[in-house]
Amino acid sequence: MTRKFFVGGNWKMNGDFASVDGIVAFLNQSADNSSVDVVVAPPAPYLAYAKSKLKDGVLVAAQNCYKVPKGAFTGEISPAMIKDLGLEWVILGHSERRHVFGECDTLIAEKTVHALESGIKVIFCIGEKLEEREAGHTKDVNFRQLQAIVDKGVSWDNIVIAYEPVWAIGTGKTASPEQAQEVHEWIREFLKEKVSPAVADSTRIIYGGSVTADNAAELGKKADIDGFLVGGASLKPDFVKIINARS
């Protein structure tokens with residue numbers, strides 16, 4: 001099966017109207033590439049604005065959502081609200097949500113289930129910290145994080161897995177193409193064993209961890225790397241080069 005290349009841009013807590021206009025400008029001026037799904041994730045206050053400005057070939061995602069449609073949950077947004085804005089995607093389980101805000105595997109799984117049931121597609125993030133990798137626990141950590149949604153019996157049709165080694169996010173360190181491919185292959189084997197060969201074959205597994213215009217092409221050549229979730233580089237015009245890394 002040919003899995004369509006997927007490139008996400010996570011803007012994190014960056015931006016104002018002027019900088020969003022700048023990002024929109026270089027994305028809208030870029031040549032359309034029908035072989036790539038492009039999804040960018042602005043901060044929540046700019047979701048509707050970014051969607052109104054971006055061309056049809058660039059979709060907009062939320063960076064997070066909660067596990068229920070509405071209620072007394074100050075500061076949260078729901079999949080229903082995301083859908084009401086006309087958006088299709090949300091990022092869940094990002095390492096900053098896990099390790100800065102203390103979200104556990106169970107909560108992330110519950111949020112994932114509710115998003116999917118609400119008709120929102122999920123970029124589901126997993127990844128190990130440096131001390132976990134150095135201790136030889138890379139498989140254990142990533143498989144545990146995945147098992148949390150396997151146990152929920154989710155439908156995998158609308159999930160993209162983003163493998164983001166925590167030690168390579170915003171540090172300037174990047175897993176080598178070989179290191180990234182190794183873990184992506186492990187993840188695909190995990191899906192084959194725990195879910196089904198069909199899901200393992202069809203699910204897109206993208207890499208995130210200091211992806212740049214310089215290393216994207218080499219990473220994108222690997223058999224089990226189906227795209228990228230890009231942080232800081234998605235705020236700059238070079239993001240277009242990353243989108244076209246496999247062209």
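Which residue just after H5 takes a positive phi? Gly119 does, with a phi of about 90°. The model is predicted; local features need pLDDT of at least 70, side-chain atom pairs count only at pLDDT 80 or more, and totals for chains, interfaces and linings use all residues. Residues are numbered from 1 along each chain as its sequence is written, and side-chain values use heavy atoms, with hydrogens and water left out. Helices (H or I, at least four residues) and strands (E, at least two) are DSSP runs numbered from the N terminus.

**Strand E1 and its neighbours**

- Strand E1 covers residues 5–10, and 6 of its 6 residues are buried (under 20% relative accessible area, with exposed meaning over 50% and partly exposed in between; 1.4 Å probe, protein chains only).
- In a regular strand the side chains alternate between the two faces of the sheet.
- Both faces of E1 are covered, with Phe5, Val7 and Gly9 on one side and Phe6, Gly8 and Asn10 on the other.
- E1 pairs in the parallel sense with strand E2 (residues 36–41) over 6 bridges, where pairing requires at least two DSSP bridges between the strands.
- Asn10 of E1 stands opposite Ala41 in E2.
- E1 also pairs in the parallel sense with strand E8 (residues 227–230), over 4 bridges.
- In E8, Phe228 is the bridge partner of Val7.
- Together with helix H1 (residues 17–29), E1 and E2 make a right-handed β-α-β unit; right-handed means that, with the strands pointing away from the viewer, the path from the first strand over the helix to the second runs clockwise.

**Helices H1 and H5**

- H1 has 13 residues and reaches 18 Å from its first C-alpha to its last, close to the expected 18 Å (1.5 Å times one less than the number of residues).
- An α-helix has 3.6 residues a turn, so residues three or four places apart point the same way.
- The buried residues of H1 are Val20, Ile23, Val24, Phe26 and Leu27.
- Contact means heavy atoms within 4.5 Å, and what covers the buried residues of H1 includes E2, helix H2 (47–53), strand E3 (58–62) and helix H11 (239–243).
- Helix H5 (residues 105–117) also has 13 residues, and its end C-alpha atoms are 18 Å apart, in agreement with the expected span.
- Among the buried residues of H5 are Asp105, Ile108, Lys111, His114 and Leu116.
- The buried residues of H5 pack against helix H3 (79–84), strand E4 (89–92), H4, strand E5 (121–126), helix H7 (138–150) and strand E6 (159–163).

**Salt bridges**

- The whole structure holds 20 salt bridges (a side-chain nitrogen of Lys or Arg within 4 Å of a carboxyl oxygen of Asp or Glu).
- Arg3 forms one with Asp201, the closest N and O atoms being 3.7 Å apart.
- Arg3 lies in the segment before E1 and Asp201 in helix H9 (residues 197–202), so the pair ties together parts that are 198 residues apart in sequence.
- Arg3 is buried at 13% relative accessible area, whereas Asp201 is partly exposed at 32%.
- Glu96 forms a salt bridge with Lys12, with the closest N and O atoms 2.8 Å apart.
- This pair links distant parts of the chain, Glu96 being in helix H4 (residues 95–99) and Lys12 in the loop between E1 and H1, 84 residues apart.
- Glu96 is partly exposed, with a relative accessible area of 28%.
- Arg98 and Asp105 meet in a salt bridge at 2.9 Å, N to O; Arg98 is buried at 8% and Asp105 is buried at 18%.
- Salt bridges that share partners join Arg3, Arg188, Asp201, Asp224 and Asp226 into one network.

**Nonpolar cores**

- The largest nonpolar core has 65 residues, of which Trp156, Tyr207, Phe228 and Phe239 touch the most other members (a core is a set of buried Ala, Val, Leu, Ile, Met, Phe, Trp, Tyr and Cys residues joined through side-chain atoms within 4.5 Å).
- Not counting residues up to four places away in sequence, Phe228 touches residues including Phe5, Phe6, Val7, Tyr207 and Ile242.
- A second, separate core of 12 residues includes Ala41, Trp89, Ile123 and Val160.

**Positive phi outside glycine**

- Most residues other than glycine have a negative phi.
- Lys12 has a positive phi, near 55°, and is found in the loop between E1 and H1.
- Ser210 also has a positive phi, near 55°.
- Ser210 lies in the loop between strand E7 (205–207) and helix H10 (216–220) and is buried, with a relative accessible area of 19%.
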